[in-house]
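Hi there,

Here is the structure I promised to pass on. Could you load it alongside this note?

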Amino acid sequence: IGNIHELINNVDFDYISNSQPTNFHGDFILDNILYKDNRFLLIDWRENFGNTTEYGDLYYDLGKLRHNIYFNHENIENNLFSLKELTKNKIKLDLKCNYFLINQLDEYNKFIKENNYDLKKIKIINSLIWINMASLHEYPLSNFLFNFGKYNLYLNLFK
């Protein structure tokens with residue numbers, strides 16, 4: 001799929017960053033969504049987006065949630081991922097996903113479509129989130145996240 005530099009050079013950053021500023025969470029993952037008294041509550045809000053506290057990027061939040069449906073803290077804590085180097089330039093990735101959560105992707109995609117959001121943009125941002133997260137973790141998780149993000153970025157740019 002090429003190297004990371006080639007892939008990043010094919011990202012249309014004007015396209016993925018072109019959206020209306022809106023309220024934001026900044027760390028919109030499942031662990032930060034509570035359901036109490038028949039309503040949803042969001043906790044652990046990020047204090048700013050870039051250099052502002054007034055607005056952020058809804059697409060980043062949607063990408064972060066989509067990332068967490070696939071790869072959440074349970075996956076990490078239980079080592080439900082693997083990376084095997086087959087050759088110098090070939091690896092095999094595997095990720096065990098929560099069946100219930102994966103089935104929620106239909107509802108997620110329905111929400112995206114009904115609200116006229118751009119799923120391709122969300123998927124590209126989602127891939128970049130995995131790549132960006134890699135440096136925050138230790139090996140082997142760092143290597144898995146980088147390569148999983150890279151592979152998904154390739155799929156979302158060229159497939």
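Below is what I found in it, starting with the core and ending with the aromatic rings.

A few ground rules: this is a predicted model, in which local features need pLDDT of at least 70 and side-chain atom pairs count only at pLDDT 80 or more, while totals for chains, interfaces and linings use all residues. Residues are numbered from 1 along each chain as its sequence is written, and side-chain values use heavy atoms, with hydrogens and water left out.

The largest nonpolar core (buried Ala, Val, Leu, Ile, Met, Phe, Trp, Tyr and Cys joined through side-chain atoms within 4.5 Å) has 32 residues. Among those with the most contacts inside it are Val11, Phe71, Ile124 and Leu153. Helices 1, 3, 6, 7 and 8 each give two or more residues to this core, and helix 7 gives the most, with 9 residues. Helices here are DSSP runs (H or I, at least four residues), numbered from the N terminus.

Helix 7 covers 119-134. Its 16 residues reach 23 Å from first C-alpha to last, close to the 22 Å expected at 1.5 Å a residue (the expected span is 1.5 Å times one less than the number of residues). Of those 16 residues, 12 are buried, so helix 7 is largely enclosed by the rest of the structure. Buried means under 20% relative accessible area, exposed over 50%, and partly exposed in between, with a 1.4 Å probe and protein chains only.

Two of its residues deserve a look. Leaving aside neighbours within four places in sequence, Ile124 is in contact (heavy atoms within 4.5 Å) with Val11, Tyr15, Ile16, Leu153, Asn156 and Leu157. Asn126 is buried, with a relative accessible area of 1%, and on the same neighbour rule touches Gly63, Arg66 and His67.

Now the rings. The whole structure holds 10 aromatic pairs, counting Phe, Tyr and Trp (its six-membered ring) with centres within 6.5 Å; planes under 30 degrees apart are stacked, over 60 edge-to-face and the rest tilted. Tyr35 and Phe40 have centres 4.8 Å apart and planes at 55 degrees, so this pair is tilted; both residues are exposed. Tyr154 and Phe158 are also tilted, with centres 5.6 Å apart and planes at 50 degrees. These two lie in helix 8, 4 residues apart. Ring pairs also link Tyr70, Phe71, Phe81, Trp130, Phe144 and Phe148 into a cluster.

Happy browsing!
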